[in-house]
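This report is addressed to a reader meeting the structure for the first time. It follows charged pairs, helices, loops and selected residues in turn.

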Amino acid sequence: MPLEAPKVTVEVDGRRMRLSSLEKVMYPRTGTTKAQVIDYYARIAPVILPHLRDRAVTRIRFPHGVGDMQFFEKNLPAGTPAWVRRAGRDPVFPLLDDLAGLTYFANLNSLELHVPQWRFEGQGRDAVPCNPDRLVIDLDPGPGSGLHECARVALIVRERLGGIGLDTLPVTSGSKGLQLYAVLPGLHTSDEIRDTVQQLAQELTKAHPDLVVWKMAKELRPGKVFLDWSQNVAAKTTVCPYSLRGRERPTVAAPRSWDEIESGAQGGELVQLTADEVLERVERDGDLAEAITA
């Protein structure tokens, strides 16, 4: 694809589309352009598409790049091609399962892609939401804490979930904290999973009051990690692994190894990763979070 051109018509997986404003700077701090954003999603497609498959994709769009206006979009925008898979009635969500759909929404300046913990069965107006096939715990550091504290909490959560037979996979969020995922058999509702994770958050707050907090209140969070159980509510979404983030730099929600988390908990370097770093890691290691795409 000749992405250096300001406007170009391309064919992606047999779908023709017009890419525009490719020279637009989306990340002023690094000079990253819209062409580079589209290129990232094209190159990361083999590993991000399984994480998006059959999930309702909501987007955070940045029409003029980061640092300017942004908006969260659930419904399909006007003019969406008929070939984009969709599900639901109000709103109607896109289902991104191919490179063409991913490219189409990247061209709309959709830097961030967010998904729920459940999938649709079927498509169109008759699609039905399934029970969640995974749980997620979002570790959000308060003022005075960071990834080091998140890593410490992650190890505690891993031990607790491991005790009930759940393996966890860590993902640094590309923003401040990290997420922990665990695969579920799809036998429980979102409300049941939310309640279970909320109880875990309350128990860990009691056991580690200087490190963990389960309530969102800002006055409780300095120096601690908020264990956000609410991401398991059916209406909530979490940034998809391998999605870009709308931060100063083109950071990514990046699956990590437990060796990295353990090192970070012990004071080793643990930082958010950029798009280039993630592409290099995927080429070397594959998808470290492949287990949650089954």
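E203 and R160 form a salt bridge in which the closest N and O atoms are 2.4 Å apart. This pair joins distant parts of the chain, since E203 belongs to helix α4 (residues 190-207) and R160 to helix α3, 43 residues apart. With a relative accessible area of 31%, E203 counts as partly exposed. R160 is likewise described as partly exposed, its relative accessible area being 36%. The model discussed here is a predicted one.

**Salt bridges across the chain**

In total, the count comes to 19 salt bridges. As a general principle, side chains of opposite charge can pair when their charged atoms come close.

A further bridge involves helix α3: the side chains of E262 and R158 meet with a distance of 3.0 Å from N to O. E262 sits in helix α5 (residues 258-265) and R158 in helix α3, so that the pair connects distant parts of the chain, 104 residues apart. E262 is partly exposed because its relative accessible area is 27%, a value between the limits of 20% and 50%. R158, at 29% relative accessibility, is also classed as partly exposed.

Another long-range pair consists of R245 and E112, whose closest N and O atoms are 3.3 Å apart in a salt bridge. R245 lies in the loop between β17 (238-239) and β18 (251-252), whereas E112 is in strand β9 (residues 110-115); the two are 133 residues apart and link distant parts of the chain. Are R245 and E112 buried or exposed? Both R245 and E112 are buried.

The three pairs described above are collected in the following table.

| Salt bridge | N to O distance | Separation in sequence |
|---|---|---|
| E203 and R160 | 2.4 Å | 43 residues |
| E262 and R158 | 3.0 Å | 104 residues |
| R245 and E112 | 3.3 Å | 133 residues |

Salt bridges also occur as a network, which links D54, R85 and D97.

**Helix α3**

Helix α3 covers residues 147-162 and has 16 residues. From its first C-alpha to its last it reaches 22 Å, close to the 22 Å expected at 1.5 Å a residue. Which residues of α3 are buried? They are L147, E149, C150, A151, V153, A154, I156, V157 and L161. R158 and R160, by contrast, are partly exposed, at 29% for R158 and 36% for R160.

**A negative patch at the surface**

D276, E277, E280 and E283 form a negative surface patch. One of these residues, E283, lies in helix α6 (residues 275-285). E283 is classed as exposed because its relative accessible area is 71%, which is over the 50% limit.

**Backbone features in loops**

A cis peptide bond joins D90 and P91, with omega at about 5 degrees. P91 is found in the loop between β7 (86-87) and β8 (93-94).

Positive phi values are found in residues that are not glycine. For D13, phi is near 50 degrees. D13 is placed in the loop between β1 (8-12) and β2 (15-19), and it counts as exposed at 54% relative accessibility. S21 also has a positive phi, of about 50 degrees, although it is not a glycine. S21 is located in the loop between β2 and β3 (25-27). Its relative accessible area of 26% makes S21 partly exposed.

**Two phenylalanine residues in strands**

F72 is part of strand β6 (residues 71-73). F72 is partly exposed, with a relative accessible area of 42%. How far apart in space are F72 and H114, C-alpha to C-alpha? F72 and H114 are 9.7 Å apart in space and 42 residues apart in sequence.

F120 is placed in strand β10 (residues 120-121). Why does F120 count as buried? F120 is buried because its relative accessible area of 7% is under 20%. F120 and D39 are 81 residues apart in sequence, and their C-alpha atoms lie 28 Å apart in space.

Conventions. Residues are numbered from 1 along each chain as its sequence is written. This is a predicted model: local features need pLDDT of at least 70, side-chain atom pairs count only at pLDDT 80 or more; totals for chains, interfaces and linings use all residues. Side-chain values use heavy atoms; hydrogens and water are left out. Helices (H or I, at least four residues) and strands (E, at least two) are DSSP runs, numbered from the N terminus. The expected span of a helix is 1.5 Å times one less than its number of residues. Buried means under 20% relative accessible area, exposed over 50%, partly exposed in between (1.4 Å probe, protein chains only). Patches are made of residues with over 30% relative accessible area and no salt bridge: like charges are joined within 9 Å, nonpolar side chains (Val, Leu, Ile, Met, Phe, Trp, Tyr) within 5 Å. Accessible areas come from the Shrake-Rupley method with a 1.4 Å probe; for residues, only the protein chains shown count as cover. A salt bridge is a side-chain nitrogen of Lys or Arg within 4 Å of a carboxyl oxygen of Asp or Glu. Lys and Arg count as positive and Asp and Glu as negative; His and the chain ends are not counted. The place of a charge is taken as NZ of Lys, CZ of Arg, CG of Asp or CD of Glu.
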